[in-house]
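This report takes up a few local features in turn, beginning with a single side chain and moving on to the cysteines and to a boundary between domains. Please keep the sequence and the structure at hand while reading.

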Amino acid sequence: MYIHRCRFVEYTPTAINALAFTPLSTQPLLACGRANGEIEIWNPTQRWNLEKIIPGAKNTSVEALTWVHRTIIKESDSCYSQTKEEQEEFLKTLLNKPPRLFSASSNGLITEWDTTLLRSKSSTNSHGGTVWCMSTNHANTLLAVGCDDGGLRIFDIIDDGLILIKNLMRNDAKVMALAWDNEDKFIVSGSSDSNIIKWDIHNARIMQRMTVDMKHGKDNIVWSIKILKDGTIVSGDSLGHVCFWDGNHGTMLQKFKAHNADVLCLASNKEGTMVFSSGVDRKCNLFRIADYFTTQSSNDDFNENHWVLVGFRRTHLHDVKAMALREDLNDKFFVSGGVDTSILVSYFDGFPEDKLQRLPFIPNKPLISISKSKKLLMYRSYNQIKMWRLGNAKLPDSWKLEQIPNLDLIEPQQAILEMTLKGNYHLTASALSEDGEWIAVSDIETVKIFKVQNDPSNPDRICVKKVKFPKILVNGSSAGAHHLMFTLDGKKLVIVNIDSSIIITELDDNQHKEIKILHQFYEHAQPLDGNTSVITSIAVSGDSRWLAVGDLLNRINVYNLETFKLHSTLPKFSSTNTSLAFYPSKPTLVITLSSNEFFLYDIESQKLDDWSLTYSKSLPKTFLNLENRLVGCTFNPINSDAIILWGANYLCLIDFDKCRKEKGHQPHLATCTGWRENSKYKAIEQAPKQNGLTKKRKRDKTEKNIKRVKTDKKIINFQLVFRYRSLMCVDFIEPNTMIVVERPFAAILENLPPSFYKAQYGS
Amino acid sequence: MMLNPNDPLQLLSGSLDGTIKVWKYSDVELLKTYEFGIPIYRMVILASYPDRFFVVTGIPCKNASCRGKQKAQALLHFRFDKKDQPEMHLLCKSKSMCTGLVTSPDGEFLIISFLRTIRIIKIKLNQQKGQKWPKYTHSSNISCIAIHPSKPYISIGDEYGKITHMYCLKESQIQDPVKSSVHWHPHKVNSLAFTSDGTYLLSGGEESVLVIWQIETGHTQFLPRLGSEIRSVTISPDQTLYAINLLDNSIKILSAINLEIKQAVQGLKHAQVDASIYPLSTGLVIEPRNHLVVLNGLPGTIQFYNPHSDRHVMEHEVSQRTMISRAFEKDIVYPNVNHVSFSSNGNWMTTVDSREDGETTPELYLKFWKFDPNSQTYVLNTRIDNPHSKAVVSLNFHPGTNDTSLSVVTTGLDNKFKVWKINSESHASQVSKDSISWVCKFVGSYRQYTPRAAAFSQDGSILSVAYDSIITLWDSRSNVLRDVLTLLPNYESIKHLAFTNNSPFLVATTQNYLYVWNLLTCTIWWSHRTEAHHLVVDPKSTRFIVASNCEKSQECRLFVFEPQTAIPVMVHTVKDIVKAIAYFPRKFDDVSSPSNVLQSYIIYLNQNYDMLMIGENFVEKVR
């Protein structure tokens, strides 16, 4: 088998600026805000499934994120609820509402996001320049933001936006951090002129001022403030100090020179016994309270809390900018993120020694589209579409399996199209038709369709012509799509609208005609139990007859594209589906779930496939416990009884045929082997039919590797390959020719500015 | 070993023979002995319960498989009633070695650490078993523990050099103790000690650096270049003195104020060196000038020791090296001094040192040192790189005193022996007298046999070189082969060779035989079948000693012979394995010798590298 190993796609995620967990009163979700304005929503209960991505826009960023979920009744709500029953009813509806997500940007806007349409709901200007920090009070009724002009503004959160109610001005310095006191009476803010200020909100005046150390008379920026349960104020500043202050008197209790550089973020647990700090020197420190009494003199006055620096871990590869903590789930953990673009999940127990998890930075939604017959590969970045024609390698004359070297590229891959889209918003979806004739792209506002033409002046390049396409309206405004997909015959385009309705359009070679909308399905746009949902995956069958669509509420529907009817609704699976794929040869749908289970569904008989009924509940443990969830599924057209499942860092080949043969053999599914290089060659000798060979293509094109794999031992029907890392796309373009697009983490790190910390000893 | 907490003049010592002895150390008096019947590894007694002992003992292994380093050990609690009958309770046990046993200052807790686990036992008057502390597991192997004198935490040192403070002594923190760790040592922490007010923590390990931690701030102060690995640290109760015990068998007492060494006690250094890598290859050599015993010290050095006063006199660095600690797990290979020899007037010393680590080029140096009367030390005069292409097996000085006749003979595994002399002619005209140097004057070989040993006759006229089973006799002035003596019928190779004093006999030993040749007739005068491990000739009389070790009984028999007769003059059995032996001249003022039967003392090193001296009728342990 040949493998095109592509590393030329330069996908670069941007730095993480903010991380926020939803309040405890609602379903646990993590929002992760990035420097380009993108907000990702992760679900920690679904094995850290990346559920949604809210696209960013030009000239925005996310500086702070807050979830708001109101659980109490305000005075202003009294118009809805007079009696006690009405109040209870009203409270119930409040609790059932999904949490609202607010973000603050460097352009001064505070934006509320619609987490199903994945676009902004409303924006409010802070009128104070960049918003550096944002926090709601404990009742989730007020939102405080700290601005560049030194203003601390307090907004009332109403149903459809924010109303400015107070402006606590102090013209001296920027407000870099703020925290609400436990009774919501005070706000403690940290500013860029070395001061920590305690504000009385009701009277809008300064109650206390605490000053942190200054070095050489230069101002020390207080980057982060936390208030613990007992009222202790914790501050992190740009000298690397973590200070603990008495909340009542404003005196410093303890100071730790715990970091070598700026402390950018702090996190504390609910009881206020643990504080984590991190920052530019990449260290993550843990402080804990040690009961501190003299064993000899049991003097009661001297029984105060004493903080101890437990230890640190340096796991991030660049500045850590944000941390968030959650302890009500099975595991107590905190997440941290920063310039190195990936989120790390660390568990409390055994910190700093125990293991941690690095979440993949590649989104679930495909960024790559492939035209198999034309060997074209299209990649969508934030505002660009790039297309390459794949290269060719010189085939070796004879197979010497022991020493399969790299194959020489006789023809390197060729960039044939680079198209920068106008528009303020980042792209949300793109598709390339199988014949390579059509390109569809979409942002949050519009869908654009292009017809590919040969460039007469330059035969190596192609050019595109825009095709007229009717505007899609959602709630009265122009809307784009979340997903786009061409059918394989290239005659239809499936558009998943931002309100989760599905539009089928017909493509016509006649370029003067406007594209027609054939049908629109509304099943996924219907709310289920009052919740609307986002479509996560779509798939079109090889004969262009079937369309399968799955959403976050675990609904999976199969539509017939010839009759435009809903064909069947699949049974609900226990966890979110991450991808859908049709067998190329038969009407069977493969559904992968975030729990790493997968199911095969026979569309014509409308039930699970025999194999799936027998084995899907007894998959090998090793496979189910893989650190990264399944992302996709692909098929070698030559071997109809095997599939290749892949996650961010692994490939897994599953041979169904063998499973059937070995039916009586009970533990055979539990065999899960690593695809190790040494055993590989042996395996190739044993099974010449399934020999593998990879050709690896790097950006510099001359270098090549090889290899690969595929053991044919009798019992093994799950084979894992960890050779490829950070996979963006895995697909077959021909029988026995696979394409693997990867983006190594090291390549992303190379492009980052140098980090502060350098290892000095023993390395 | 510990002081009795109730009586500061009493010292308690526990030992592996199962006894705890109470000493009054001011008068060197044994007050009381408690019999336990089990080997005692560690012990603790508390001020409030003077009749109770907490003792760590080894559990005898039932099967042979557990004979490794990790011995199972248990903590027992003994209580002696009025009649000194012990009453025993088992407190806890573990499958691994106990690494530390401490009590909290108020006597409430007893903390014991094993290889990876720590147990805390609360001591109450009537109830010893109310133990609710869980077994804490440490992530790496624990090497030592200490308890803070006033705050509720213990400090744990581990094999990776980390010091962890664990706040586990307060009831509220039993389940999830707060830990805090500091890390400076790259290698194992050997010892931890808190000052009595709890502000400083001292730690020491393999790096030969004493680290003083200011606990509150984490500030560290270092006392580097202590010379050898630190084994233990203690602090005097008034915090004015720190005492450190080093691996080179010495104790240094430091002032806590300026960290200056106030006093140092130094023992024989070789005892702690790994004898398999750095063997005691020099043996015991008597320095002729002051009659000091010279032997291997730390790798690369030789030490001068005065057995009469039991003092370490001088350390001489044969090959200079930078004192560094290893960077990774692999040990640094140091050069080893193979041979030392002195000229009879003590003006010259020659040494052979080598270094072979299997990676870099092997180094082999022959060095000639001249005594400098001003500094009373030896100054390097000539260094010859690779005097032989293979290892040097022997080094002997010509017994003459005249500088011109002075010569040194070396034999090597490259089948050659070389005679070295002072180069007096070549540069004598131009260069001043100081710049004399040593050059090779003669290279000899006999067929293709490998020389094993060499010896000069007492008057220096004959040089004899022993090949495998052949002894060749050479004229030492003209370097002409004079005679060849062949051992018959035995073909064992010769190990030791010596001329006896004042008599024309040559003694040679092989693995199993002892031969005495009469040089006047060139025939074997007598021979004896005995295992001879060492052969020493008395410089003052005609006698010689053959030492024969017996591994089984851990004994050594010393035969004293007169060369004329095969019947030993006397046989002395010592209950040690003799590692090296030498005649040691009597002190000049020591004229109390009742007879002249033994002209000199005999000193030897036993298997524990204790130095012992044998006189006529006493054995004096010197150490």
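In this predicted model, the side chain of Ser501(A) makes a polar contact of 3.2 Å with the side chain of Gln520(A), and a further polar contact, of 2.9 Å, links the side chain of Ser501(A) to that of Asp499(A). Ser501(A) sits in the loop that runs between β43 (492-497) and β44 (502-506) of chain A, and with a relative accessible area of 0% this serine is buried. Leaving aside residues up to four places away in sequence, Ser501(A) touches Ile495(A), Val496(A), Gln520(A), Phe521(A), Tyr522(A) and Ala525(A), so that Gln520(A) appears both among these neighbours and as a partner in a polar contact.

The cysteines come next. How many disulfides are there over all chains? The count comes to 0, and two cysteines, one in chain A and one in chain B, illustrate the distances involved, given that a disulfide requires two cysteine sulfur atoms within 2.5 Å.

| Cysteine | Closest cysteine sulfur | Distance between sulfurs |
|---|---|---|
| Cys243(A) | Cys265(A) | 16 Å |
| Cys556(B) | Cys550(B) | 9.3 Å |

The sulfur of Cys243(A) is too far from that of Cys265(A) for a bond, and the sulfur of Cys556(B) is likewise too far from that of Cys550(B). Cys243(A) is buried, at 1% relative accessibility, and Cys556(B) is also buried, with a relative accessible area of 0%.

The last topic is a boundary within chain B. The domain assignment of this chain gives domain 1 (2-237), domain 2 (275-445), domain 3 (448-532) and domain 4 (533-623). Where domain 3 of chain B meets domain 4 of chain B, 19 residues of the former are in contact with 20 residues of the latter, and the two domains bury about 1,500 Å² between them, with 66% of it on carbon and sulfur atoms. Asn501(B), Trp526(B) and Glu531(B) supply 33% of the area that domain 3 of chain B buries against domain 4 of chain B, which is more than any other three residues supply.

Between these two domains of chain B there are 0 salt bridges, whereas 5 residue pairs, both members at pLDDT 80 or more, are in polar contact across the interface. On the side of domain 3 of chain B that touches domain 4 of chain B, at least two residues each come from β41 (494-499), β42 (505-510), β43 (513-518) and β44 (523-529) of chain B, and β41(B) gives the most, with 4 residues.

Technical notes
Residues numbered from 1 in each chain as written. Chains lettered and ligands numbered in written order. Predicted model: local features only at pLDDT ≥ 70, side-chain atom pairs only at ≥ 80, totals over all residues. Heavy atoms only, no water. Buried < 20%, exposed > 50% of the residue type's maximum accessible area, 1.4 Å probe, protein only. Domains from an automatic or database assignment. Contact = heavy atoms within 4.5 Å. Buried area = accessible area lost by both parts, 1.4 Å probe. Salt bridge = Lys/Arg side-chain N within 4 Å of Asp/Glu carboxyl O. Polar contact = N/O pair within 3.5 Å; in protein donor to acceptor, adjacent residues only side chain to side chain.
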